[in-house]
Amino acid sequence: MKVDTIDRPPFTGPEWTPDLLAELAANDRNDQVGSRLVSEEAGLRVWHIHLPPGGRLPFHRHTRSYFWTILAPGRARSRYGTGRVDIVDYEAGDTRHFVQSEADSFIHDLENIGDTDLVFVTVERTD
């Protein structure tokens, strides 16, 4: 996985439209961290994310520890509630683990800017 952070002042540049800034403010408490919740039991929530080229997962907040794995290579852009913007190139099998809580939560979106589908599995701890 290769991550490039766009280096410019927060919330500036073509990545931040007025509509995206309004969505960021409106979705401050959105905890839908995937496209589809496929399982919820025994202290875990399992999400699938499937984004075709040009598709986007709206802004959402991560308040629980979780991990994700991507199933195929792809390229994405994420905008964060801090104003940071990352461009990420993924390889199949890339996995990241996060230790999160309400106190250190973060908000971001995920946009497929590549020419292949982005397919992730995300697993959240709910206990």
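**Exercise 1. Place G54 in the predicted model and decide whether this residue is buried or exposed.**

Solution. G54 sits in the loop that links β3 to β4, in a model that is predicted. The next step is accessibility: the relative accessible area of G54 is 57%, and since the cut-off for an exposed residue is over 50%, G54 is exposed. The last step concerns the spatial partner I113, which is 59 residues apart from G54 in sequence, while the two C-alpha atoms are 5.8 Å apart in space.

**Exercise 2. Describe the fold of the protein chain by its elements, and work out how its radius of gyration compares with the globule rule.**

Solution. Begin with the inventory, which consists of one helix and 10 strands. Read from the N terminus, the order is β-α-β-β-β-β-β-β-β-β-β. The radius of gyration is 14 Å, close to the 14 Å that the globule rule gives for 127 residues, so the protein chain is as compact as a globular protein of that length. Along the principal axes, the C-alpha trace spans about 45 × 30 × 20 Å. Turning to contacts between residues at least 6 apart in sequence, 75% of them join residues at least 24 apart.

**Exercise 3. Summarise the surface of the protein chain and its charged side chains.**

Solution. The exposed area of the protein chain is about 6,700 Å², and carbon and sulfur atoms supply 53% of this area. Buried residues, for their part, make up 42% of the 127 residues. For the charges, count 14 positive and 21 negative side chains, and then compare the centres of the two sets, which lie 2 Å apart.

**Exercise 4. Identify the residues with the most contacts inside the largest nonpolar core, and state which elements give two or more residues to this core.**

Solution. The largest nonpolar core has 15 residues, and those with the most contacts inside it are W68, Y90, L110, L118 and F120. The elements that give two or more residues to this core are β3 (44-51), β5 (66-70), β7 (85-90), β9 (106-112) and β10 (118-125). Of these, β5 gives the most, with three residues. A second core, separate from this one, has six residues, including W16, L24, F59 and I107. As general background, nonpolar side chains in soluble globular proteins tend to be buried together.

The surroundings of individual residues can then be examined. Not counting residues up to four places away in sequence, Y90 touches M1, W68, I70, P73, G74, A76, L110, L118 and F120. W68, found in strand β5, counts as buried because its relative accessibility is 9%, which falls under the 20% cut-off. With neighbours within four places in sequence left aside, the contacts of W68 include M1, Y90, D94, F98 and F120.

**Exercise 5. Compare I49 and R61 by strand, by accessibility and by contacts.**

Solution. I49 belongs to strand β3, whereas R61 belongs to strand β4 (residues 56-62). I49 counts as buried at 6% relative accessibility, and R61 likewise counts as buried at 11%. Leaving aside neighbours within four places in sequence, I49 is in contact with V33, G34, S35, L57, L110, L118, V119, F120 and T122. The C-alpha atoms of I49 and V33, 16 residues apart along the chain, are separated by 8.4 Å. With the corresponding exclusion of residues up to four places away, R61 touches D28, R29, N30, D31, V33, S105, F106 and I107. The C-alpha atoms of R61 and D109, which are 48 residues apart along the chain, are separated by 9.0 Å.

**Exercise 6. Locate F11 and A42, and explain why their phi values deserve attention.**

Solution. The starting point is that most residues other than glycine have a negative phi. F11 nevertheless has a positive phi, near 60°, and A42 has a positive phi of about 50° although it is not a glycine. F11 lies in the loop between β1 (2-5) and α1 (18-26), while A42 lies in the loop between β2 (36-41) and β3. Finally, consider accessibility: F11 counts as partly exposed at 32% relative accessibility, whereas A42 counts as exposed at 75%.

Conventions
Residues numbered from 1 in each chain as written. Predicted model: local features only at pLDDT ≥ 70, side-chain atom pairs only at ≥ 80, totals over all residues. Heavy atoms only, no water. Helix = DSSP H or I, 4+ residues; strand = E, 2+ residues; numbered from the N terminus. Rg over C-alpha atoms; globule rule 2.2 N^0.38 Å. Buried < 20%, exposed > 50% of the residue type's maximum accessible area, 1.4 Å probe, protein only. Contact = heavy atoms within 4.5 Å. Areas by Shrake-Rupley, 256 points an atom, 1.4 Å probe, with all protein chains shown as cover. Lys, Arg positive; Asp, Glu negative; His and termini not counted. Charge placed at Lys NZ, Arg CZ, Asp CG, Glu CD. Core = buried A, V, L, I, M, F, W, Y, C linked by side-chain atoms within 4.5 Å.
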